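Open the model in your viewer and keep the selection box ready. The stops below run from one part of the fold to the next.

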Amino acid sequence: MEPNASNLHSHCVEITMEVHKVVPPPHRSTFQKFKTRLKETFFPDDPLRQFKGQPPKRKWILGAQYVFPILQWGPNYSLKLFKSDIVSGLTIASLAIPQGISYAKLANLPPIVGLYSSFVPPLVYAALGSSRDLAVGPVSIASLILGSMLRQEVSPSKDPILFLQLAFSSTFFAGVVQASLGILRLGFIIDFLSKATLIGFMAGAAIIVSLQQLKALLGITHFTKQMGLVPVLSSVFHNTAEWSWQTIVMGFCFLSLLLLARHVSMKKPNLFWVSAGAPLASVIISTLLVFAFKAQHHGISIIGKLQEGLNPPSWNMLHFHGSYLGLVMKTGLVTGIISLTEGIAVGRTFAALKGYKVDGNKEMMAIGLMNIVGSSTSCYVTTGAFSRSAVNHNAGAKTAASNIIMAVTVMVTLLFLMPLFQYTPNVVLGAIIVTAVVGLIDLPAAYQIWKIDKFDFIVLLCAFLGVIFISVQQGLAIAVGISIFKILLQVTRPRTGMLGNIPGTDIYRNIHHYKDGMKVPGFLILSIDASINFANTTYLNERILRWVEEYEAQDAEEEGKKHSSLQFVILDLSAVSTIDTSGVSIFSDLKKALEKKGLEMALVNPVGEVMEKLQRWDEGRDILRPDSVYLTVGEAVASLSSAVKCQPSNRA
């Protein structure tokens, strides 16, 4: 009997495929693990790798170039590069001057502050920034948020000095937040503003910004201070007596001209200069018309006299105490995060087009320091603007020197050309803002999100409707909250799926995805497609046992028997990258529950950390027995099937 049993056993082994041993990862100390996790969390780009193996002098040079990228491209700067940069610099200056004045009014600040903010910040960014295409200055969304949040507690018309002080203080805190995120390597925080959130938020803000311009486009004097759709439209139609037909005609003409110029440049990118020069041309033409016909005496409001000279220092206007400190910090946090997200997104977009990389953390530090310096030189929140950066890119900018040229042009304007803007009509500034923010409404992107992920589209709608009907900051908060809720759902309700065999192979895939995938009789093979932690262990335990019950019920029904043929439950852990102590305990609980049903449990491919923690937990080797852990699903099925076939003969 023994020789026959031995021969039969050999035969059983021969019909199975080779079974590879699952080995634990190499031993590492707790300090080594902590170091690796810290590095991957805060230093995934390994910024210090360029210093390895370098002599001390070279390290100092590389360090200086890392902090001041201008030292990297500056020594190799040539006349050829300058020719390209001067064209792009002058082009974006022609756009920055009218936009700076317009966006300052949007933020309820004196128009001159918009020009100040287009002078100092670009100089700081040129020295510290790593993007060649980013054109720095005030932007519509940050201007809108800053103005609306501060105006909730302080009136810009009744107390303009205090309002200005709070604006500079908010800019300082925005800069501190931005620079801190870069220095502490916490840039991943801004990733909570998903693409869907930003598209919905930008579209809603664009509509709110445009509706706010109805005051200037219609010539209304008494206009609501609220930002919602209903209050704005109510204010517009309750003050029809204040509508000025002269203002409406001028606004319609220049808005049509600007939108036409934008359309031409979009259809033919080589004519970028048309949309870039249109705002300044509109300002010049409208100013001449007002001056020639004395239109300010016929219902058309004008900017008025602007202060000449360069940025006055404003560090003495910063408020770090008092009852408004909370308002200033909150405004700085919101505007800082929003402007930082926009600036980095714009920088990365154009860097990808030209095939170079932008260091996100360096950009955060550059934008943050730019705003800190700006707050001390009469500037409010600035960042990389998409419209100006697109013009800068299309104009052929080669380096950040285009920002320096733009700043010099603005400086000349501040010193010598300010009297020329005295008669500029507010209606044209409103038309410039509307034209600029129309590009923020991205319908193709919204449609694409609808096609790809309906939940993301709901997030987009919540951001959009929240901004329009409630407020800018609350709409954003709602969208971020829903996005975080989605992440929590994914963490607490991980996907599980039943795997089947692809005929003719040892490949196992989800049978709901691959229709030709076949169940293996006697086996329930499940994949867990997420990390296992305290937040989802209860759900996974219940869901796996429900899989078992459903399989047994379906199997018994198909076979017409009272009992199912199920014998093994195999858990594929290939997608489980991490596990905690609560997650480890789930396997003990599952094993006990399955044994009560007369079933065996096997694990497939527990990776690195999972295998290591399971070993420490399973000191009695109850879970990690050699016949319970396999490298692939195919090996597990073959080995366990072979064992079942051999059992009757062995008993004999």
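**Stop 1: a helix residue and a distant partner**

Select Leu 369: it is partly exposed, because its relative accessibility is 38%. (Buried means under 20% relative accessible area, exposed over 50% and partly exposed in between, with a 1.4 Å probe and protein chains only.) Leu 369 sits in helix H16. Helices here are DSSP runs of H or I with at least four residues, strands are E runs of at least two, and both are numbered from the N terminus. Now add Gly 175 to the selection. Leu 369 and Gly 175 are 194 residues apart along the chain, yet their C-alpha atoms are separated by 6.0 Å.

A note on the model before moving on. It is predicted, and local features need pLDDT of at least 70, side-chain atom pairs count only at pLDDT 80 or more, and totals for chains, interfaces and linings use all residues. Residues are numbered from 1 along each chain as its sequence is written, and side-chain values use heavy atoms, with hydrogens and water left out.

**Stop 2: two residues with positive phi**

Select Ser 378. This serine is in the loop between helix H16 (360–375) and strand S2 (383–384). Its phi is near 60°, a positive value in a residue other than glycine. Is Ser 378 buried or exposed? Ser 378 counts as buried, because its relative accessibility is 5%.

Go next to Asn 605. Its loop runs between strand S7 (600–604) and helix H25 (608–617). Phi of Asn 605 is also positive, near 50°, again in a residue other than glycine. Asn 605 counts as partly exposed, because its relative accessibility is 23%.

**Stop 3: helix pairs**

Show helix H5 (residues 79–106) and helix H17 (residues 386–394). Their axes come within 9 Å and cross at roughly 165°. Axes are lines fitted to C-alpha atoms, for helices over the stretch in contact, and angles run from 0 to 180 degrees between N-to-C directions. H5 and H17 are therefore roughly antiparallel to each other. (Under 35 degrees counts as roughly parallel, over 145 as roughly antiparallel, 65 to 115 as roughly perpendicular, and the rest as oblique.) H5 passes H17 in a right-handed crossing. A crossing is left-handed if the near helix is turned anticlockwise from the far one by less than a right angle, and right-handed if clockwise.

Keep H5 and add helix H14 (residues 272–293). H5 and H14 pack at about 40°, with axes 8 Å apart. H5 and H14 are therefore oblique to each other. Their crossing is left-handed.

Now switch to helix H8 (residues 140–151) and helix H15 (residues 325–354). Their axes are 9 Å apart, at an angle of about 165°. That makes H8 roughly antiparallel to H15. The crossing of H8 and H15 is right-handed.

**Stop 4: the largest pocket**

Select Arg 262, Phe 386, Ser 387, Gly 439 and Leu 440. Of the 43 residues that line the largest pocket, these lie nearest its centre. A pocket is an open set of points on a 1 Å grid over the protein atoms alone, with protein on both sides within 12 Å along at least five of seven lines; a cavity is a set where a 1.4 Å probe fits but cannot get out, and lining residues have an atom within 4 Å of a point. The volume of the largest pocket is about 1,300 Å³. A volume is the space filled by probe spheres set on the points, which are joined across faces, edges and corners. The pocket lining divides into 28 nonpolar, eleven polar and four charged residues. (Ala, Val, Leu, Ile, Met, Phe, Trp, Tyr, Cys and Pro count as nonpolar, Asp, Glu, Lys and Arg as charged, and the others, Gly among them, as polar.)

**Stop 5: the cavity**

How many cavities of 30 Å³ or more does a search of the whole structure find? The search finds one. The largest cavity holds about 40 Å³ of space. Select its lining: Phe 568, Val 569, Ile 570, Glu 600, Met 601, Ala 602, Arg 625, Asp 627, Ser 628 and Leu 640. Strand S6 (568–572) and S7 each supply at least two of the lining residues. By class, the lining has six nonpolar, one polar and three charged residues.

**Stop 6: two buried residues**

Select Leu 571, in strand S6. Leu 571 counts as buried, because its relative accessibility is 0%. Add Val 629: the pair is 58 residues apart in sequence and 9.7 Å apart in space, C-alpha to C-alpha.

Finish at Asp 618, in the loop between H25 and strand S8 (629–630). Asp 618 is buried, with a relative accessible area of 5%. Add Ser 585, which is 33 residues from Asp 618 in sequence and 9.4 Å away, C-alpha to C-alpha.
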